[in-house]
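Subject: Structure for you to look at

Hello,

Here is the structure I said I would pass on. My notes on what was found in it come after it.

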Amino acid sequence: AAAAAAAASVVESKDDTDSLDGLRDMNPQDLGGYFHRFVGFDDLLAVRKIAWTSCILYAEPSHTFDACLLLTSTSLYLAAKREDLGRRRPLRVKKNVGLLKIDVDAVARISVGLFDQCFRIEGDDAATTFACLTKDGVETREIVEILQTATTSTTTTTTTATQGSIFSAEDQSGIDVINDENLPDLVALLRNHRDDGVVDVPVVAYVLVRRDDSGLQSVVVTDESIAMFGEDYIRFPPPHFCRTPPTVERF
C-alpha cells in the first residue's frame, strides 16, 4: 500500500517545466516525478540519488556547466541544457532540457579526485565519460557507493588510499575505483614557484572553485601563501580508452 501511494504521488508530480532552472526549483519528490514521467522508470524505488553538480564532458573539456545527476538501480542520468551537452544526442525530456543516459553496467572506471572533491565517470569511450564537481567528500562517497552497489559486475578490485581521502585501501567493488594521487605533483608545482629553496611545502587547504563557464580553478593554501591555478581533471588521469598521452598539461 505504501509503495502504491508513493507511485501515485510521483505520477501526479509537477511536470510543466521545460528549463533547467525549473528543475532546480523543484523539491526532490517532484523532481523524481519529472524523471519518472518522461523517462519511464519501471520501479520508483530504483531512484537512489539526485544531486546537482558542475559537470565537464570528456568530449568538451573546455566547457563547464550545471547538471542534475540522477542515479537509479540500473542507470545514470545527466540532465542539462541541451546546448551544454555538446554533440551528444540526448534523450529528449523537454525542449530546453537534454538527458544523457549511461547504463551502470557500462561504467568501466571511476576516478576520484584529490580530497574527494570531484569524480570522473568513465564509460566505454569519450562519449560516455564525464566529470562532476561535488566539493563534498561525503556526497562523492555516497555516489560512488551507489554505483558500486548497482553494478552487476562480479569483478573485485581494490583502491589505493590518497592522502586526505575518505576512501580506504580495503574498499572493494565491481567497478574499478581509483584515487587520483596528484598531491606530489601539486606540491612540486608549488615548490617550483618559490625562490627560497624549501623542499617541503605543506598544503593546509585545497579546494576546487568554479570561476566561470570556461572551467575550474584549484585554490591551494600553504603555510605562507595562497595559490590559484587551472587544473584539468577531466583528461587526467588518462582514461582507460586513451591510447596516447594528453597533449595538454595537467596544471
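In these notes, helices (H or I, at least four residues) and strands (E, at least two) are DSSP runs, numbered from the N terminus. This is a predicted model, in which local features need pLDDT of at least 70, side-chain atom pairs count only at pLDDT 80 or more, and totals for chains, interfaces and linings use all residues. Residues are numbered from 1 along each chain as its sequence is written, and side-chain values use heavy atoms, with hydrogens and water left out.

Backbone angles

Most residues other than glycine have a negative phi, and most peptide bonds are trans. The loop between β6 (109–112) and β7 (118–122) holds F115, which is not a glycine yet has a positive phi of about 55°. D116 is found in that loop between β6 and β7 as well, and its phi is also positive, near 60°. Relative accessibility is 26% for F115, which counts as partly exposed (20% to 50%; 1.4 Å probe, protein chains only). D116, at 1%, counts as buried (under 20%).

The peptide bond from F236 to P237 is cis, with omega near -10°. P237 is in the segment after β14 (226–230).

Helix α4

Helix α4 covers residues 137–150 and has 14 residues. Its end C-alpha atoms are 20 Å apart, which agrees with the expected span of 20 Å (1.5 Å times one less than the number of residues). Among the buried residues of α4 are I143, V144, I146 and L147. At the start of α4, a side-chain oxygen of D136 comes within 2.9 Å of the backbone nitrogen of V138, a polar contact (a pair of N or O atoms within 3.5 Å; within protein, one must be able to donate a hydrogen and the other to accept it, and residues adjacent in sequence count only if both atoms are side-chain atoms).

Regards
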